[in-house]
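Colleague: Could you walk me through the helix packing here, and show me how each label was reached?

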Amino acid sequence: IEEVGSRKNLSPEIKASFNHWFRHIMEFVFPLYQGVIIASVILQVPLSKIILAQVPMSLTMLGAGIFFLWRKVKLEKEESKSQKNTVENLLLFLKSIWGILLAVVLNLFSGIDLLWALLLSVVLFAIVNMVRPASLLKIIRENVTLEIIMLILGIMIFKKIIEVSGAVTVIPQTLSAWGISTILVICLVPF
């Protein structure tokens with residue numbers, strides 16, 4: 001964002017807006033986003049239903065970004081005409097993210113549990129990209145921190161406490177009695 005924004009003489013505010021927009025546009029519907037997973041676990045609603053309920057939010061964010069941000073960027077004639085590498089860039093992009101797409105598709109459309117979909121995706125991605133087991137172990141060592149493990153453990157304990165306390169049934173009943181729709185709760189929990 002910084003490099004392109006500077007070339008286009010965008011103000012720091014517009015660059016920050018683009019950065020926020022690009023980073024967060026899909027968090028409402030991305031099945032690997034922790035807020036969506038937490039909402040699914042706490043509300044005991046399938047991930048696919050939460051994602052479908054939040055599609056309008058992502059589409060609204062997409063539309064708002066296009067309307068408010070993209071009109072601030074002036075494309076030069078050479079840029080708008082040069083589409084030579086579009087297919088190559090798209091293929092490179094898909095090659096880079098196919099592992100993520102595989103996990104998402106396996107989870108949402110085949111019903112495979114997200115944990116197993118991710119594990120299968122990581123293994124296949126490592127095999128296809130010829131990642132050596134030593135490199136994979138190094139990646140795990142450097143990125144799976146005690147903090148992340150404790151966060152996951154905390155979420156699961158919190159879920160169990162909500163179940164054992166009876167809050168799982170009380171919360172939806174209370175929200176319904178107050179006239180608050182489940183869809184609204186699903187949309188707000190990730191925040």
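Colleague: Which helices do the buried residues of α3 pack against?

Modeller: Happy to help, and please keep in mind that this is a predicted model. The buried residues of α3 pack against α4 and α9 (146-165). Those buried residues are Gly35, Val36, Ala39, Ser40 and Val41.

Colleague: Let's take one of them. Why is Ser40 called buried?

Modeller: Ser40 has a relative accessible area of 14%. The cut-off for buried is under 20%, so Ser40, at 14%, is called buried. Ser40 lies in helix α3, which covers residues 34-43. Leaving aside residues up to four places away in sequence, Ser40 touches Val45, Pro46, Leu47 and Ile50.

Colleague: And what makes Met26 partly exposed?

Modeller: Its relative accessible area is 46%. Partly exposed runs between the 20% and 50% limits, so Met26, at 46%, gets that label. Met26 sits in the loop between α2 (12-24) and α3. From Met26 to Met57 the separation is 31 residues in sequence and 9.2 Å in space, C-alpha to C-alpha.

Colleague: Now the helix pairs. Why are α3 and α4 called oblique to each other?

Modeller: Helix α3 and helix α4 (residues 47-68) pack at an angle of about 120 degrees, and their axes are 9 Å apart. Roughly perpendicular covers 65 to 115 degrees and roughly antiparallel needs over 145; about 120 degrees fits neither, so α3 and α4 are oblique. Their crossing is right-handed. On the α3 side, the contact is made by Val36, Ile37, Ala39 and Ser40, and on the α4 side by Leu47, Ile50, Ile51 and Gln54. By class, this contact of α3 with α4 has 6 nonpolar, 2 polar and no charged residues.

Colleague: How do you know that α2 and α4 are roughly antiparallel?

Modeller: The axes of α2 and α4 cross at roughly 155 degrees and come within 11 Å. Angles over 145 count as roughly antiparallel, so a crossing at roughly 155 degrees earns that description for α2 and α4. This crossing is left-handed. The residues making the contact are His20, Trp21 and His24 of α2, together with Met61, Leu62, Gly65 and Ile66 of α4. They divide into 4 nonpolar, 3 polar and no charged.

Colleague: One last thing: which residue follows α3, and what is its phi?

Modeller: That is Gln44, whose phi is positive, near 55 degrees.

Methods. Residues numbered from 1 in each chain as written. Predicted model: local features only at pLDDT ≥ 70, side-chain atom pairs only at ≥ 80, totals over all residues. Heavy atoms only, no water. Helix = DSSP H or I, 4+ residues; strand = E, 2+ residues; numbered from the N terminus. Buried < 20%, exposed > 50% of the residue type's maximum accessible area, 1.4 Å probe, protein only. Contact = heavy atoms within 4.5 Å. Axes fitted to C-alpha atoms, helices over the stretch in contact; angles between N-to-C directions. Parallel < 35°, antiparallel > 145°, perpendicular 65-115°, else oblique. Left-handed = near helix turned anticlockwise from the far one by under 90°. Nonpolar A, V, L, I, M, F, W, Y, C, P; charged D, E, K, R; others polar.
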